[in-house]
Amino acid sequence: MDQKDDYVIEMLHITKEFPGIKANDDITLQLRRGEIHALLGENGAGKSTLMSVLFGLYQPEKGEILFNGKKVEINDPNDATALGIGMVHQHFKLVEVFTVLDNIILGAETTRMGFLQKKEAREKVKALSEKYGLYVDLDAKVEDITVGMQQRVEILKMLYRDNDILIFDEPTAVLTPQEIDELMATMKEFAKEGKSILFISHKLNEIMAVADRVTVLRKGKGIGTIETKSTNTQELSNMMVGRPVQLQVKKDKAKPGQAILKVEHLSAPSRVHKNKNAVHDVSFEVRAGEILCIAGIDGNGQTELVSAITGLGQTNAGKVTLCGEDISHASIKSRSKNMSHIPEDRHKHGLILDFSLADNMVLQRFKEKQFQHNGFIDKPMVRQYAEKLIDKFDVRSGQGPDTMARAMSGGNQQKAIIARELDRNKELVMAVQPTRGLDVGAIEFIHAQLVEERDEGRAIMLVSLELDEVLSLSDRILVMYEGEIVGELYPEETNAQELGLYMSGAKRMDRKEAAV
Amino acid sequence: MSRKNNEPRLLEGNGFQSVLSSVVSIIIGLLFGMLLIFIVGALDKNMSMKTVWEGMRLVIGGLFSTGRGASGELAWGFNSINFGNMLFRATPLIMTGLSVAFAYKTGLFNIGAPGQYLMGAMTSLMIALGIPSDKVHPVIIWILAFLGAMIAGAIWGAIPGIFKALLNTNEVIACIMTNWIAANVVTWLFDISKFKNVTESTKSGYIYKTTFNNVATTKLGLDKLFPGSQINGGIIIAILIAIGIYILMSKTTFGYELRACGANKDAAKYAGLKDKRDIVLSMAIAGALSAAGAALYYLSGNTELFWSTYQSLPAIGFNGIPVAMLALTNPIGVIFSALFMSMLNIIGLQITSLTAYNEYITDVIIAVIVYLSAFSLLIKQFIARRMSRKKKEGAK
């Protein structure tokens, strides 16, 4: 048989509808044996829906699935597992209080007379982990390990079940640059062994680096399948968005004004170990009209630093001044008078998932005069305001302002938060990983918005884990390593390699000399 | 044609599906009750099939039973006593149901309703009996007693709230403890008070009716509408409070804030809302609602409190939980679910007095309905799925 037509999975003319939206509209995807096939599309383009159909979580209204050329019915994930299909979900499906080993064998336990045979399982997992260089601590509880290790656990779960068709749903969204490289290498290794991989992503560089072919989806429709060898990132992004996209951030040189936020000798306790400091004696300023980026690998104190400034977390020592006011011990409410905050965790802090989009848009503002009269909320006004924001920030949802936040795609949830926060027009914009998990179209838009805010004279404090974003968007970069600021850099004078050295702690700068 | 266009919108409405799911729970519960009546009757040699058939009919229509006619057959029709008593008995249930529903909307499980109810009972009775009506107008005493009860309940409800807000203690545990503290405090306070046996020395261990001091809820003419029953204006007050709570929750900024805290505490904190204050306030309001239920019940003029049994906890407080759940914690729905629960109560009395069955059978039916009401969300999803499938088929 011609290797080219040796399809292991074919999804033909799949159509899946949800109330108010056609998530998949006549999409065809053919996966060859031993290839890495990328699925590219914006948020809400229907990638996750298509994969959920393949995994048996949704039943399509139209279309069929072929496995090795034969038609199959996949009614639930068990059917998918039986066909050797495994999936690493974007949000991991792990039992937090179980150990790594327990999580891996969960649902596929070897038992003898009803008793668990963990020893055999341990041997098998260990062998797999060594073979592919997927290091995990088998006896650690999942809640205690890093996100990167959690992902390795998910991958080992698939391997433990001898899956041959591996689906990765936006696997790199949560990883550090080093971890991404490792994952890419592992994926190539899998493909070499004849496993077939579906790689869902909207990061063009990664797709170009690792995938053999790529299928592009846009607004629920299949746009086409092409070889990565015969294309480039610009063409792919144009296909995905449907118009030419600006991949580089367009901005003029910053004209910083006076300091808006001043942080002096700040120390803050760690979220995990309360008696340890995660932020040690950190001092810096964010000035009006500049984008200051805090770069660093996840877990080096950025979250705690942000929490201490926004008031969500505690401060052990030091002083925070915002617009000339000492806010070191102020309430969140009084801090938010001059600060808008795009939070790191959009589900935990950013949105009330069981509220409508309209209600979420006024989370901080419902007591303002325009939205209430004598304590009664002016619902038409709230709705109108939400519609304005939805329009301005292109927030897509099934039922407009009445959509439950829970029912929206991750990218649109993030857009909603950004719309709400930027429209509050505060002196300081605290943007924590504002583009995490977003597609190029949305990233382009959000970056442009942040630059616009900067040009209007606002101070932007950006916390980002993405090197590309750090280098392209910021005017000044502070690198955090183990709770300290180890470097102050300017994007035009540095590059990813140098930044990486600071981020990994290999290089540090005496800031007293470097400080401007 | 315009009606046809409106129809699907009504059927797809969230509210409609909620009501439907509660109705389905109720119907299954009643069917189960009939089945139970049938099985019990069939197994009992002393019961004829006629009795079984009567019992089954009473499960459904007991509210409309007017006893037995001259021929000895069951007679049916409007029974003013049944209706009036149903409304009377629903009054405190509406309030405890509201209490649980209100707390639930703000993310708290108020299992402390019995304790709050007891504090309300004690405070309202002590004020109603303690202020002499020859010096103060009885209406003023009534108002003072009612408000006093609400304040006592609010304080009692706030205690678990404060523990939750400051120490992150689970409110369920704190509520259970405050329940038992209330039971014993109330018993003790009545024991050492001068209010026991205020009129009838032949009865021991009673707090007698507040009518002794000329204090009673106004009848508002409802006794003319339902002659012979215990009804009074309390039911109107309870319904008005339910409507008030509905407006508070869904239309005001305060309600928005409480719901936000309930739905996502972290996001509420992020938005600068005072999540801790809201927890305490929410529990205080829930407590005030339960206590108001007790006040409406004991100030009615028809009731007396046998205080020495109050070392146990009043069922009305706990029954607020199923009332709230059956109403899917909607304040307006609480009115109807409380009415339904008290109707079952009346049916129980009818079955006992007219047939060889005892009233415990209705307790079993209530239990089944309560059990099913926990599934009402599941039933709701089932209905929603059925409807969307039907719509799809229609589109084809």
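In chain A, Leu40 (A:L40) of strand β3 has A:S201 of β10(A) as its bridge partner. Strands here are DSSP runs of E with at least two residues, helices are runs of H or I with at least four residues, and both are numbered from the N terminus. β3(A), residues 36–41, and β10(A), residues 196–201, pair in the parallel sense over five bridges; two strands count as paired if DSSP finds at least two bridges between them. β3(A) also runs parallel to β11(A), residues 213–218, and five bridges join them. On that side, A:A38 stands opposite A:V214.

A word on what you're looking at. This is a predicted model, where local features need pLDDT of at least 70 and side-chain atom pairs count only at pLDDT 80 or more, while totals for chains, interfaces and linings use all residues. Residues are numbered from 1 along each chain as its sequence is written, and chains are lettered from A and ligands numbered from 1 in the order in which they are written.

Back to β3(A): is the strand covered or open? It's mostly covered, with six of its six residues buried. Buried means that 20 or more other C-beta atoms lie within 10 Å of the residue's own, exposed means 12 or fewer, and partly exposed is in between, with C-beta atoms placed from the backbone. In a regular strand the side chains alternate between the two faces of the sheet. In β3(A), A:I36, A:A38 and A:L40 point one way, A:H37, A:L39 and A:G41 point the other way, and all are buried.

Further along chain A there's an open sheet of six strands with mixed pairing, in the order β18-β21-β22-β15-β23-β24. Its edge strands are β18(A), residues 339–342, and β24(A), residues 484–489, each pairing on one side only. Neighbouring strands of this sheet are turned by 20 degrees against each other on average, direction ignored. Within the sheet, β15(A), residues 291–295, pairs with β23(A), residues 476–481, in the parallel sense over four bridges. One of the matches there is A:A295 with A:V479 as its bridge partner.

Two helices lie across these strands. α15(A), residues 440–455, lies across β15, β21 and β22 of chain A and runs at about 150 degrees to β22(A). α17(A), residues 496–503, lies across β15, β23 and β24 of chain A, at about 35 degrees to β23(A). For these angles, axes are lines fitted to C-alpha atoms (for helices over the stretch in contact), and values run from 0 to 180 degrees between N-to-C directions.

Now pick out A:V279, found in strand β14(A), residues 277–287. A:V279 counts as buried because it has 31 C-beta neighbours inside 10 Å. A:V279 and A:E484 are 205 residues apart in sequence, yet 6.3 Å apart in space, C-alpha to C-alpha. Leaving aside neighbours within four places in sequence, the residues in contact with A:V279 include A:L266, A:G301, A:L305 and A:G483. Contact means that the C-beta atoms of two residues, placed from the backbone, lie within 7 Å.

Where do the two chains meet? 23 residues of chain A are in contact with 15 residues of chain B. On the chain A side, the elements giving two or more residues are α10 (332–335), α11 (346–350) and β20 (376–377), and α11(A) has the largest share, with three residues. By class, that side has 12 nonpolar, seven polar and four charged residues. Ala, Val, Leu, Ile, Met, Phe, Trp, Tyr, Cys and Pro count as nonpolar, Asp, Glu, Lys and Arg as charged, and the others, Gly among them, as polar.

Chain B has 16 helices and four strands, and buried residues make up 49% of its 396 residues. Of the contacts in chain B with a separation of 6 or more, 75% are between residues 24 or more positions apart.

Among its helices, α5(B), residues 113–130, and α6(B), residues 138–167, have axes that come within 8 Å and cross at roughly 150 degrees. The pair is therefore roughly antiparallel, a label for angles over 145 degrees, with under 35 roughly parallel, 65 to 115 roughly perpendicular and the rest oblique. The crossing of α5(B) and α6(B) is right-handed: the near helix is turned clockwise from the far one by less than a right angle, whereas anticlockwise would make it left-handed. Residues making this contact include B:G115, B:M119 and B:T123 of α5(B) and B:A145, B:A149 and B:W156 of α6(B).
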